Structures are given as C-alpha cells and as structure tokens.
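Trainee: I am new to this structure and would like a close look at a single part of it, the second largest cavity. Could you take me through what surrounds that space, and then set it beside the other spaces in the model?

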Amino acid sequence: MKVFLKSERGRFWILVAIVSISGFSQGMLLPLIAVIFEQDGVSSALNGLSATGLYVGTLLIAPFMEPQLRKFGYKPLILVGGGLVILSLLLFPLWKSVLFWFVLRILIGIGDQALHFSTQTWITSTSPQHRLGRNIAIYGMSFSVGFGAGPLFVPMVELFEALPFIVSGLLCLLAWSLVFSLKNDFPEVSGSSLTTKGTAGRFKAALIIAWVAFLPPLGYGFLEASLNAIYPVYALRQSIEVGMVSIMLAAFSAGAIATQLPLGNLSDRIGRRKVLLLALIGGAAVFAAASFYESNAWLTVGFFALAGMFVGSTFSLGISYMADLMPKDLLPTGNLLCGIAFSIGSLAGPSMGGLFIEYSGGLSFLLLIAGILMLIAVLIALNGNAKKVRTI
C-alpha cells in the first residue's frame, strides 16, 4: 500500500479522488442554497447574485496562485485549499444569512481555486502527451461523478437543513487526509518562463498563445453554474418538484460521465478542436430542442442526459487543448487562466440567468444556454490555425 501511494499512479488516483469529492461539494452546494433561498422567498436575481460568491473567491485569489505554487509546490496549496473548503462547509449551519453565506462561498471559492489549480497543473505537467487526453478526461470525469452525486443529496434538506453541509464537510475531510501521503513536487521552470517578466508577463504570453483554448472552460463555467444555481429556481417556478430537479441535474452529470473518457481518447486521436466543435454544436442543438418539451419532466431528464454527453467534457477538453498549445514551462499559467475563464463564466451564469428569468418574459432558460454554447463553437471554428507553440 505504501509503495502504491508513493508511485505516480497512486498520486494520480489520489488527486482524482480529491477532485471527485470537491465536485460533490460544489454540485450539492449550488442547488442546495438555491432551493433554500427560493423556499425562503429570496428573489431569483438575488439568488443568482449570491451564487456568484464561489467564483468571486476564485477570481480574487487567482493572481496570487501561480507564484505560491512555484514557491511552495503542489502539496501545500492542496492542503490549504482543502482545509479552507472543509472549514467553510461546516460553518454554514451556524447562521442562515444571505450575506454570511455569500462570504462563506467566497472562502470556498478561494479554497477550490487552490485545490483545482494545483491538482490540474500537477496532472497536465506529469502526463505523457499520448495519454494527456485520457488523463484529463479521467480528471474531468471524477469531478463530474462528484458533481452529479451532489444534487441527489439536496432533498436531505427536508430532513434537517444542516445535514447536507455536514455530510459534505466530512467527505471532504476524508479525501483531504489522503494528501498527507503524497510527496511534494514543483512545476517545471525553464528559460522562457524566467525571461517572461512576472505574473502579468506570463499571463500575456499565455493568452497570445492559447486564448481560444480558454473559451471552452468559460462556456462550461457558465453552463454548470447557471444549471445548478439558477435552473432549480426556473424549474420550481414551472411547478417541477425539488426531487425531479435533482434528477435532471444528476442526469446531465451522468451523461457527462458516460462520454468523458471516450471523448478524451477520441481527442488524442483526431485532435481537440474537432471534438470540441462536435461537443459544443451538439450540446447547443440538444438544449434548444429541450426548450420545446419542458412541460414533460421525464423527457427533459432525457434531454439533460444527452446534453451532458455532448458538453460535459468541454472543460477537460479545453484543458487538454490548452496543454497542446502551451509550452510546458507555461502550463501553470495556462491552467490558472483556464480556472479564471471558468470562474468568469461561472460568475456570468447565475447573474445572467437570474436576470434572464426575471426579464425574459417567459422565454425558455435553456435557449440562453444554447446560445452561449453556439457562440463559443463559432469562435473556435473561426480560429482554425492555432498550433503548438514551444517558445515565447
């Protein structure tokens, strides 16, 4: 057992387990708080604004992450990030207040940024090129498994409001304890990153090289946050029960899980860009079609599962696409920018979604998601000349 934990394979699966539990806490937290606030009579606009706290936290801490990673290594950042998430989850039951919970969501966002940035960079930096798509697909699939299981725990709120927060905190604590068995490591440093002056210089270089690869994480952030934080509000107003909303969200994640690894392997063979275009266009078409059948809850579940099969891999495919384009010494910067793009999309999702429900005059919420996905597909299609850049 000790030999396995110290091996590269053991490290990979520990990182996968950590991300899975983190996904569970996020997948539960977004719809859970949305349902609690909706039942308490909080407006959809304020509900959506509150949900942005998680992503405000990730953006606030993002500029400081890369220097700390290069200085202290992967393990300390994972431990600090995971510890902050656990503490925040266990503090939720102490006081139910929109402002207090918004602050706790910011703290969880800070912790998640440290945790995901470190694990994501560790995996992309140590994966061989011919297995990069597969490894990142497993990484994304583990998050999707956790994220998909999260909403299924939302009905626990009807038994005891604090129970979901406590369960999530204890599961995170269990996964977090595995990190202590890992040996610390540091990202690669070479001449190009040393000559790129400061964090701002590395950000600029990475954006010039691979800006198109940051669009899929941005789109997935919008999709994930709006589905989990705002769609429950929209669905409840359409007289759909809380339990059925949980099934719909879980169906989306189940679809994503089913195709993460096949799409990752396919992208290793035919290229990330082709698979991304297929996923985004297919997902937009499914969400647009689903908007016409929302009165049938079980049919909507099927549409959500199909949509998940298409677009549930866009975040991991975007990371792989970025790693294809980026010099290895700039991978920490590229991974950080993927996280920032995801956070920007996640901030926009609940805010735009809440305003859309409030002022769209009854137009289907799913059409907003379809439109965003199609826009990103068009931008990637127009940028067909992106190539691997090995030097700055």
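Mentor: In this predicted model, the second largest cavity holds about 90 Å³ of space. Its lining is made up of Ile18, Ile21, Ser22, Gly82, Val85, Ile86, Asp112, Leu115, Cys172, Ala175 and Trp176, and the elements that give two or more residues to this lining are helix 2, helix 5, helix 6 and helix 8. Sorted by class, the lining of the second largest cavity has eight nonpolar, two polar and one charged residues.

Helix 5 deserves a slower look. Running over residues 74–91, helix 5 has 18 residues that should span 26 Å at 1.5 Å a residue, and its end C-alpha atoms are indeed 26 Å apart, so expectation and model agree. Gly82, Val85 and Ile86, which belong to the cavity lining, are also among the buried residues of helix 5, a list that includes Tyr74, Lys75, Leu77 and Leu89. The buried residues of helix 5 pack against helix 2 (8–39), helix 4 (53–72), helix 6 (98–126) and helix 8 (163–177).

Another lining residue, Cys172, is counted as buried because its relative accessible area is 9%, under the 20% cut-off. Cys338 is buried as well, with a relative accessible area of 0%, and a search of the whole structure finds zero disulfides.

To set this space beside the others, the count comes to five cavities of 30 Å³ or more, and the largest cavity has a volume of about 310 Å³. That largest cavity is lined by 26 residues, with Gln26, His116, Phe143, Phe315 and Phe342 lying nearest its centre. Helix 6 supplies the largest share of the lining of the largest cavity, six residues, and by class this lining divides into 10 nonpolar, 14 polar and two charged residues.

There is also an open space to consider, for the largest pocket contains about 260 Å³. It is lined by 14 residues, of which Glu8, Arg9, Phe12, Arg131 and Asn135 are the closest to its centre. The largest share of the lining of the largest pocket, six residues, comes from helix 2, while helix 6 and helix 7 (132–149) are among the elements that each supply at least two residues. The lining of the largest pocket divides into six nonpolar, three polar and five charged residues.

Definitions and conventions
Residues are numbered from 1 along each chain as its sequence is written. This is a predicted model: local features need pLDDT of at least 70, side-chain atom pairs count only at pLDDT 80 or more; totals for chains, interfaces and linings use all residues. Side-chain values use heavy atoms; hydrogens and water are left out. A disulfide is a pair of cysteine sulfur atoms within 2.5 Å. Buried means under 20% relative accessible area, exposed over 50%, partly exposed in between (1.4 Å probe, protein chains only). Helices (H or I, at least four residues) and strands (E, at least two) are DSSP runs, numbered from the N terminus. The expected span of a helix is 1.5 Å times one less than its number of residues. Contact means heavy atoms within 4.5 Å. On a 1 Å grid over the protein atoms alone, a cavity is a set of points where a 1.4 Å probe fits but cannot get out, and a pocket is an open set with protein on both sides within 12 Å along at least five of seven lines; lining residues have an atom within 4 Å of a point. Grid points are joined across faces, edges and corners, and a volume is the space filled by probe spheres set on the points. Ala, Val, Leu, Ile, Met, Phe, Trp, Tyr, Cys and Pro count as nonpolar, Asp, Glu, Lys and Arg as charged, and the others, Gly among them, as polar.
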